Amino acid sequence: MRCLILLNTYKKQAFSLAESIEDFLQKRSVTVDKLEFAEPLENFSFEPYDFAITLGGDGTVLFAARGCLDKRIPIFPINLGEFGFIAGVQKDKWQEPLEQFLHDELALAARSMLKVDVRRGNKTIFSEYALNDVVIAVDKAAKPGVFDIKYNQNAFGQFRADGLIIATSTGSTAYSAAAGGPIVDPELDAIVFNPICAFSLSNRPLVLPSTAVLQIEILPARGAPVAVTADGQVSERLETGDIVIIQKTKEKVLLAGCGSAVFYSALRSKLHWSGGPLA
């Protein structure tokens with residue numbers, strides 16, 4: 001069995017924790033490699049590994065998810081950031097769940113991801129995956145873009161907005177929530193379509209089925225240049241006439257220790273749920 005430990009070097013405690021985890025795994029006959037990075041890497045192959053452990057916050061998990069999706073490599077995410085929605089294993093309580101994971105006794109959450117393709121003429125110039133969201137946005141504030149949008153070939157019309165957020169249920173608690181979108185339980189297989197500061201107040205967030213295929217054409221505008229970004233980590237500059245196609249991937253990424261209890265604990269913590277007064 002072979003494991004890759006991904007260390008976010010912005011988290012100084014990741015180094016000592018990685019040493020402890022490496023020792024723990026080697027005693028159980030698991031071969032361990034470590035990868036240190038400050039920013040997500042391009043073209044890194046997860047193929048030789050049976051599972052990955054992330055030491056960081058949710059952003060580290062997003063990087064791992066894009067690399068592990070196709071190969072069905074499970075991810076064991078240990079949270080070194082704030083109380084994350086995805087990385088549910090806490091840094092001082094990792095031994096027991098990791099032992100359970102090694103013995104196939106820890107439930108794996110299968111989370112949907114998005115695939116985004118950009119077509120320019122007859123060529124696909126950009127293709128990427130996203131666990132949280134795909135964002136199409138102008139480079140400068142107060143300079144709206146214009147987007148022609150179709151959903152399963154049904155016309156939504158032309159939207160004038162600072163941008164568009166297309167999020168998974170997992171990503172509904174990220175940028176989309178900050179932009180006024182709905183919070184969706186990650187076990188609900190859905191896609192959230194959320195305009196950013198739309199010119200018309202009638203352009204509201206929508207929750208679409210997982211079968212949705214969104215086609216977005218970049219129309220001429222007097223605003224700043226437009227870019228598409230996957231999970232806030234990988235981006236491509238867009239041109240007028242480009243077609244962005246977003247849909248759910250056939251595969252799902254496998255995450256350990258990320259059940260509904262973790263999700264609702266994070267909601268209670270981040271939203272300061274306290275209940276209400278007794279009637």
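## The cavity

For sorting lining residues, Ala, Val, Leu, Ile, Met, Phe, Trp, Tyr, Cys and Pro count as nonpolar, Asp, Glu, Lys and Arg as charged, and the others, Gly among them, as polar. With that in hand, and bearing in mind that this is a predicted model, let's look inside. The structure holds one cavity of 30 Å³ or more, and the volume of the largest cavity comes out at about 40 Å³.

Who lines it? Around the largest cavity you'll find R111, S112, T168, S169, T170, P186, L188, D189 and A190. By type, that lining splits into three nonpolar, four polar and two charged residues. The charged ones are R111 and D189, while P186, L188 and A190 make up the nonpolar share.

## The largest pocket

Now for the open space. The largest pocket has a volume of about 310 Å³, and 15 residues line it. If you want to find its centre, go to N43, F44, R66, G67 and E128, the lining residues that lie nearest to it.

Two elements, α2 (58–68) and β7 (123–130), each give two or more residues to the lining of this pocket. Helix α2 gives the most, with three residues. As for chemistry, the pocket lining is made of seven nonpolar, three polar and five charged residues.

## Aromatic pairs

There's plenty of ring-on-ring business here: the structure holds 11 aromatic pairs. Take F24 and W94, whose ring centres are 5.2 Å apart with 75 degrees between the planes, an edge-to-face pair. F24 belongs to helix α1 (residues 13–26) and W94 to the loop between β5 (89–90) and α3 (95–102), so their pairing ties together parts that are 70 residues apart in sequence. Both partners are tucked away: F24 is buried with a relative accessible area of 11%, and W94 is buried at 5%.

A second edge-to-face pair is F51 with F101, with centres 5.1 Å apart and planes at 65 degrees. Here F51 comes from strand β3 (residues 51–56) and F101 from helix α3, so the pair ties together parts 50 residues apart in sequence. Burial again applies to both rings, since F51 has 1% relative accessibility and F101 has 9%, and under 20% counts as buried.

## A cluster and a charge over a ring

Aromatic contacts also come in a group: F37, F44, F46 and F63 form one aromatic cluster. You've met one of these already, as F44 is among the residues nearest the centre of the largest pocket.

F24 has a further partner besides W94. The charged end of R28 sits over the F24 ring, 3.7 Å from the ring centre.

## Two buried residues, S176 and T173

S176 is in helix α4 (residues 175–178), and with 0% relative accessibility it counts as buried. Setting aside neighbours within four places in sequence, S176 is in contact with I165, A167, G171, G181, V192 and N194.

T173 sits in the loop between β11 (163–168) and α4. T173 is buried too, with a relative accessible area of 14%. Not counting residues up to four places away in sequence, T173 touches F85, I183 and F263. For a sense of scale, T173 and L55 are 118 residues apart in sequence and 21 Å apart in space, C-alpha to C-alpha.

Definitions and conventions
Residues are numbered from 1 along each chain as its sequence is written. This is a predicted model: local features need pLDDT of at least 70, side-chain atom pairs count only at pLDDT 80 or more; totals for chains, interfaces and linings use all residues. Side-chain values use heavy atoms; hydrogens and water are left out. Rings of Phe, Tyr and Trp (its six-membered ring) pair if their centres lie within 6.5 Å; planes under 30 degrees apart count as stacked, over 60 as edge-to-face and the rest as tilted. Helices (H or I, at least four residues) and strands (E, at least two) are DSSP runs, numbered from the N terminus. Buried means under 20% relative accessible area, exposed over 50%, partly exposed in between (1.4 Å probe, protein chains only). A charge sits over a ring if NZ of Lys or CZ of Arg is within 6 Å of the ring centre and within 35 degrees of the ring normal. Contact means heavy atoms within 4.5 Å. On a 1 Å grid over the protein atoms alone, a cavity is a set of points where a 1.4 Å probe fits but cannot get out, and a pocket is an open set with protein on both sides within 12 Å along at least five of seven lines; lining residues have an atom within 4 Å of a point. Grid points are joined across faces, edges and corners, and a volume is the space filled by probe spheres set on the points.
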